[in-house]
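Please look over the sequence and the predicted model shown here. The briefing that follows takes up packing in the interior and then one strand with its partners.

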Amino acid sequence: MKKIAISIGDLNGIGIQLALENHNSIKKMIEPIYCIDREMLEEASKLLNISIPKDFTTVEDIAPNFKIEPSKVKKDSGRYSFASFKKAVKLAKSREVDGVMTLPIHKKAWELSDIKYKGHTDALRDFFMSDAIMMLGCPKMYVALYTEHTPLRKVSQEVRDVKKLSSFLINFYNEIREKLKDNEKVALLGLNPHAGDDGVLGDEEKNIIEATKIAHEIIERELYTQPLVPDIAFTPNVRKRYRYFVAMYHDQGLAPLKALYFDEGVNISLNLPIKRSSVDHGTAFDIAYQNKKLNNLSYINAIDYFVTT
């Protein structure tokens with residue numbers, strides 16, 4: 001059974017409730033190591049009125065303790081969630097665990113804590129000096145993001161970087177190649193409405209095509225489609241032909257994915273020397289510590305990733 005470090009996420013959100021409620025289920029799949037101090041765990045347990053399982057293994061000395069304030073964006077909770085994440089990664093680097101599973105953080109809380117990263121994937125790139133790839137989805141459909149938390153005004157510039165885009169396409173292929181079926185293709189989205197309409201609505205598709213040609217020469221396979229029109233790429237007839245999609249920016253790929261498979265989706269980091277998965281949702285401050293039943297499917301699927309890979 002694989003040993004997995006679980007970073008606890010923002011303790012003002014729902015992550016700790018997911019961990020406590022689902023421990024007895026996931027311990028049958030993996031051996032979980034929770035990156036949270038016992039004192040913080042006991043505080044959360046008391047606020048949630050959920051007892052702590054006897055075999056709930058924790059890691060001490062994460063960060064200075066603080067008072068949990070349900071549903072509040074706070075500097076201290078951001079600092080603690082980042083420290084929990086760093087501890088989980090450290091355990092994976094030293095091979096004390098077989099992978100890292102991350103519960104949701106709040107990006108504004110990280111910013112308030114003067115953490116320079118916008119999210120887990122940004123930090124992982126820096127930790128490992130590697131071009132980590134963010135892929136979200138479920139076995140029915142996976143979406144990889146060329147740009148992630150990039151403001152829209154900067155996306156065009158990123159797409160015009162043919163060298164960077166071709167490298168992304170090559171790396172993504174190398175990460176999924178063993179899962180591809182014979183002659184299976186990956187749906188590659190254009191950037192502009194109507195995929196530019198031959199330059200009438202934008203010409204970034206020329207850069208996408210150039211990057212694709214370079215990638216195909218390197219991988220020696222015609223894997224990627226020509227840039228697909230974004231507003232039809234996720235329609236039922238198109239989805240019948242593809243399992244993997246590459247989107248040029250965050251909402252282009254994740255809006256349709258979450259509309260279709262929000263409850264069961266997971267976030268997977270590719271092109272890293274460690275395995276990392278995460279739930280495909282945020283801190284859910286609107287329901288945190290309210291004794292509401294949580295949908296745990298994304299959490300269970302994120303754990304199952306380590307069982308099936």
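Once neighbours within four places in sequence are set aside, Ile16 is in contact with Ile8, Leu11, Ile36, Leu41, Ala44, Leu48 and Tyr289. Ile16 also belongs to the largest nonpolar core, where it is one of the residues that touch the most other members.

**Nonpolar cores**
- The largest nonpolar core of this predicted model holds 90 residues, and alongside Ile16 the members that touch the most others are Met101, Phe172, Val246 and Tyr299.
- Another core, which lies apart from the largest one, is made up of 17 residues, including Met134, Ala187, Val238 and Leu254.

**Burial of strand β8**
- Strand β8, which spans residues 266–270, is mostly covered, with 5 of its 5 residues buried.
- The covering extends to both faces of β8, since Val266, Ile268 and Leu270 are buried on one side, while Asn267 and Ser269 are buried on the other.

**Pairing of strand β8**
- With strand β4 (residues 133–138), β8 pairs in the antiparallel sense over 5 bridges, and within this pairing Met135 has Ile268 of β8 as its bridge partner.
- Strand β9 (residues 276–279) also runs antiparallel to β8, to which it is joined by 4 bridges, and Ser278 in β9 stands opposite Asn267, a residue that is itself buried.
- The hairpin formed by β8 and β9 has 5 residues between the strands, and in this hairpin Asn271 takes a positive phi near 65°.

Technical notes: Residues numbered from 1 in each chain as written. Predicted model: local features only at pLDDT ≥ 70, side-chain atom pairs only at ≥ 80, totals over all residues. Heavy atoms only, no water. Core = buried A, V, L, I, M, F, W, Y, C linked by side-chain atoms within 4.5 Å. Buried < 20%, exposed > 50% of the residue type's maximum accessible area, 1.4 Å probe, protein only. Contact = heavy atoms within 4.5 Å. Helix = DSSP H or I, 4+ residues; strand = E, 2+ residues; numbered from the N terminus. Pairing = 2+ DSSP bridges.
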